[in-house]
Amino acid sequence: MRPALLALVVQLAAAALALGLLNVLGLQAAWWWPLQALLAASLSILARQPRWWWLIHLLFVPTLVLALQWGLSPWWYLLLFVLALLLFGRVDRSRVPLYLSNQAALQALEQVLPQGARLLDLGAGTGTVLRYLVRRKDLQLAGVEHACLPYWLAKLRLAGSGSALKLWRGDLMRTPLAEYDAVYAFLSPAAMPALWEKARREMRSGSLLISNTFTIPGQPADQVIELNDWKGARLYLWRMP
Ligand SMILES: C[S@@+](CC[C@H](N)C(=O)[O-])C[C@H]1O[C@@H](n2cnc3c(N)ncnc32)[C@H](O)[C@@H]1O
């Protein structure tokens, strides 16, 4: 089951259970939301969701109750939703949010890219990677990004970087990989198995798949570079057979 759907099921089940408990125990209605919150967190644990979901489930309805007390106009909620959609795209499907490669990752990436390589940044975000690598005049740079706001920001940041650089809006899973010597991905654990299947199908022998931070289950990397940053992050490199 998709995590977003599972989250909905957990919240609704906790709401119904809390209602039932209120009736059985003869409690006042004010107990409903604390009970719902505790039950939602417990169900999330039982469903073996990762820990951050426990907290989200615990806080979701209490936050709603608080927000309702502030009496905010419904337009604010719509505005926030639209902003999140523009910033993150269909993150419920991709399960890859926006965060940016840091300086250590950029420097390490620059060093492993062969002379004259054609590089694709899968999920280019706000163009941080491409903008950094523009200094390497020998490289042919490309990036694909599906979320609206990061894409336009990247376009602005990369304006004037030369016509050789290509950035387009699209789905990375529908982007052919065969023409690239190196493909860089800073995605999420959820995205890696499908990316590996795609890379194996499409990438040419000898080309490089480079992942910032996230490994591929059951596929040890051919090279691992410690970034020595505060997160203890690494670059993982697979050379296609
Ligand atoms: C963690 S950010 C990395 C941004 C940039 N590559 C960097 O390293 O700074 C991942 C990016 O991938 C984008 N993304 C996620 N799924 C995608 C998809 N299916 N197609 C295109 N872009 C996607 C997200 O919107 C986000 O901007």
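**Three N-terminal helices, two cores and a few loop residues**

Let's start with a pair of helices: H1 and H2 are oblique to each other, as seen in this predicted model. Helix H1 covers residues 3-25, and its axis comes within 8 Å of the axis of H2, with the two crossing at roughly 130°. That angle does not exceed the 145 degrees needed for a roughly antiparallel pair, so the pair is classed as oblique. The crossing itself is right-handed. On the H1 side, the contact is built from Val-10, Gln-11, Ala-13, Ala-14, Ala-15, Leu-17, Ala-18, Leu-19, Leu-21 and Leu-22. H2 answers with Trp-32, Leu-35, Gln-36, Leu-39, Ala-40, Leu-43 and Ser-44. Sorted by class, the residues of this contact are 14 nonpolar and three polar, with no charged ones.

Now follow the chain from H2 into H3. Helix H2 spans residues 32-46 and helix H3 residues 51-70; their axes are 7 Å apart and meet at an angle of about 160°. Because over 145 degrees counts as roughly antiparallel, H2 is roughly antiparallel to H3. This crossing, too, is right-handed. If you would like to trace the contact, H2 contributes Trp-32, Trp-33, Gln-36, Ala-37, Leu-38, Ala-40, Ala-41, Ser-44 and Ile-45. Facing them from H3 are Trp-53, Trp-54, His-57, Leu-58, Val-61, Pro-62 and Val-65. The class count for H2 with H3 comes to 13 nonpolar and three polar residues, and no charged residues take part.

H1 and H3 also meet. Their axes come within 11 Å and cross at roughly 45°, so H1 and H3 are oblique to each other. Here again the crossing is right-handed. Pro-3, Ala-7, Val-10 and Gln-11 of H1 touch Trp-53, His-57, Phe-60 and Val-61 of H3. This contact has six nonpolar residues, two polar ones and no charged ones. It is worth pausing on Val-10 and Gln-11: they belong to the H1 contact with H3, and they are also among the H1 residues that meet H2. Trp-53, His-57 and Val-61 likewise face H1 and are listed in the contact of H3 with H2.

Between H2 and H3 sits a loop, and Arg-48 is found there. Arg-48 has a positive phi of about 60°, although it is not a glycine. Its relative accessible area is 76%, so Arg-48 counts as exposed.

Next, let's look at the nonpolar cores. The largest one has 53 residues, and those touching the most other members are Leu-109, Leu-133, Tyr-184, Leu-209, Ile-210 and Leu-235. Helix H6, residues 103-112, gives this core its largest share, five residues. Leu-209 makes a handy guide to the surroundings. Setting aside neighbours within four places in sequence, Leu-209 contacts Val-183, Leu-195, Trp-196, Ala-199, Met-203, Ile-216, Tyr-236, Leu-237, Trp-238 and Met-240. Another core, of seven residues, lies apart from the largest one and includes Ala-14, Leu-22, Leu-35 and Ala-40. These four names should look familiar, as Ala-14 and Leu-22 of H1 and Leu-35 and Ala-40 of H2 also appear in the contact of those two helices.

Three loop residues complete the walk, beginning with Thr-126 in the loop between strand S1 (118-122) and helix H7 (128-133). With a relative accessible area of 9%, Thr-126 is buried. Beyond its neighbours within four places in sequence, Thr-126 is in contact with Leu-98, Leu-100, Pro-150, Leu-153, Ala-154 and Arg-157.

Ser-205 offers a contrast in accessibility: at 55%, it counts as exposed. The residue sits in the loop between helix H9 (192-202) and strand S5 (208-212). Its C-alpha atom is 5.1 Å from that of Pro-241, although the two residues are 36 apart along the chain. Leaving out residues up to four places away in sequence, Ser-205 touches Met-240 and Pro-241. Met-240 is also one of the contacts of Leu-209.

Finally, Thr-213 lies in the loop between S5 and strand S6 (223-226). Its phi is near 80°, a positive value in a residue other than glycine. Thr-213 is partly exposed, with a relative accessible area of 28%.

Definitions and conventions. Residues are numbered from 1 along each chain as its sequence is written. This is a predicted model: local features need pLDDT of at least 70, side-chain atom pairs count only at pLDDT 80 or more; totals for chains, interfaces and linings use all residues. Side-chain values use heavy atoms; hydrogens and water are left out. Axes are lines fitted to C-alpha atoms, for helices over the stretch in contact, and angles run from 0 to 180 degrees between N-to-C directions. Angles under 35 degrees count as roughly parallel, over 145 as roughly antiparallel, 65 to 115 as roughly perpendicular and the rest as oblique. A crossing is left-handed if the near helix is turned anticlockwise from the far one by less than a right angle, and right-handed if clockwise. Contact means heavy atoms within 4.5 Å. Ala, Val, Leu, Ile, Met, Phe, Trp, Tyr, Cys and Pro count as nonpolar, Asp, Glu, Lys and Arg as charged, and the others, Gly among them, as polar. A nonpolar core is a set of buried Ala, Val, Leu, Ile, Met, Phe, Trp, Tyr and Cys residues joined through side-chain atoms within 4.5 Å. Buried means under 20% relative accessible area, exposed over 50%, partly exposed in between (1.4 Å probe, protein chains only).
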